[in-house]
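Subject: Handover of a structure, with notes

Dear colleague,

I am passing on to you the structure we spoke about, and I would be glad if you could look through it with the notes below beside you.

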Amino acid sequence: MENINIDFEKVDGLVPAVIQDEFTKEVLMLGYMNQEAIDVTIKSGKVTFFSRTKGRLWTKGETSGNFLMLKNIEVDCDQDTLLVTVNPIGPVCHTGNDTCFAHSNKGKTHFIDQLRKVIKERKENPSDKSYTTSLFNAGINKVAQKVGEEAVEIVIEAKDDNKELFMGEAADLLYHYLVLLEAKSYELDEVMEVLVKRHQK
């Protein structure tokens, strides 16, 4: 959030701020900020706008409790628009919808990208306290073995009706598969490309 340089003269003192969920990447709403709103947002960690109808600063959630917890602020190439990534606490729209565009914001698959970044970080900057680092240190054979073990365990759980145990094994398999990809220096996007090509046939 460093170097937030806005051309406020160009935007008459108010810059549009696109609010995006940190994990799902869903656009949640559009608001407007002046310099004071940006400063308050950064200091408090709660997204604050300048309300054009109220003529004052307005912290999203100040009445409902559905705050937008700040994660990052980026400025576009023309220095006249902000992209604000957040962790929303509750519905964003006053109508009760997840977003002000009536879209659902339930998906969590984008968290995989966050997890991949953590896995890569553990590979490039090892930590003695990290389980992921210990897998990389053990070598490719150990990582591949863990994927095989988790695959067998999810097959076993699939035969029963315990959703909690099945989901736990599914998470373990997905995590170790991502570690294996990183150990091989392969990207998940490369796997997606194979799936896309197969789908197009």
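Glu150 and Lys146 are both buried, and their side chains meet in a salt bridge with an N to O distance of 3.9 Å. Both residues belong to helix 4, which covers residues 140-158, and they stand four residues apart there, about one turn of the helix. Please keep in mind throughout that this is a predicted model.

The count of salt bridges comes to ten, and two further pairs may help you to find your way around. In one of them, the side chains of Glu182 and Lys123 meet at 3.7 Å, N to O. Because Glu182 lies in helix 5 (residues 163-183) while Lys123 lies in helix 2 (residues 111-124), this pair ties together parts that are 59 residues apart in sequence. The two partners differ in their surroundings, since Glu182 counts as buried at 10% relative accessibility, whereas Lys123 is partly exposed, with a relative accessible area of 30%. Both residues also belong to a network, in which salt bridges that share partners join Asp113, Arg116, Lys120, Lys123, Glu182 and Glu187.

In the other pair, a salt bridge of 3.6 Å, N to O, is formed between the side chains of Asp98 and Lys106. Is Asp98 buried or exposed? With a relative accessible area of 18%, Asp98 is buried, because the cut-off for that word is under 20%. Lys106, by contrast, is exposed, its relative accessible area being 59%, and this residue is found in the loop between strand 6 and helix 2. If you would like a sense of distance across the model, Lys106 and Val147 are 41 residues apart in sequence, and their C-alpha atoms are 28 Å apart in space.

I turn next to the annotated region and its strands. The UniProt record, in an unreviewed entry, lists residues 29-101 as "domain: Phosphoribosyl-AMP cyclohydrolase". In the model, the end C-alpha atoms of that span lie 7 Å apart, and the span is 14% helix and 38% strand.

An open sheet is made of four strands, in the order 2-1-6-5 and with mixed pairing. Its edge strands are strand 2 (27-33) and strand 5 (68-75), each of which pairs on one side only. On average, and with direction ignored, neighbouring strands of this sheet are turned by 30° against each other. Strand 5 pairs with strand 6, which covers residues 82-88, in the antiparallel sense and over seven bridges. Within that pairing, Leu70 stands opposite Val86 in strand 6.

Strand 3 (residues 48-51) and strand 4 also pair in the antiparallel sense, in this case over four bridges, and Phe49 has Trp58 in strand 4 as its bridge partner. There are four residues between the strands of this hairpin, and in it Gly55 takes a positive phi near 70°.

Two individual residues seem worth your time when you open the model. Thr41 lies in helix 1, which covers residues 35-44, and it counts as buried at 0% relative accessibility. Its side chain reaches the backbone oxygen of Ala37 at 2.8 Å. Which residues are in contact with Thr41, leaving aside its neighbours within four places in sequence? They are Met33, Lys46, Val47, Thr48, Leu70 and Ile73, and of these Leu70 is the residue already mentioned as standing opposite Val86.

Asn66, for its part, is found in the loop between strand 4, residues 56-59, and strand 5. The side chain of Asn66 reaches the backbone oxygen of Pro91 at 3.4 Å. Leaving aside its neighbours within four places in sequence, Asn66 is in contact with Lys60, Gly61, Ile89, Gly90 and Pro91.

With this I leave the structure in your hands.

Best wishes

Note on methods:
Residues numbered from 1 in each chain as written. Predicted model: local features only at pLDDT ≥ 70, side-chain atom pairs only at ≥ 80, totals over all residues. Heavy atoms only, no water. UniProt positions renumbered as here; feature names shortened; annotations may be inferred. Pairing = 2+ DSSP bridges. Axes fitted to C-alpha atoms, helices over the stretch in contact; angles between N-to-C directions. Polar contact = N/O pair within 3.5 Å; in protein donor to acceptor, adjacent residues only side chain to side chain. Contact = heavy atoms within 4.5 Å. Salt bridge = Lys/Arg side-chain N within 4 Å of Asp/Glu carboxyl O. Buried < 20%, exposed > 50% of the residue type's maximum accessible area, 1.4 Å probe, protein only.
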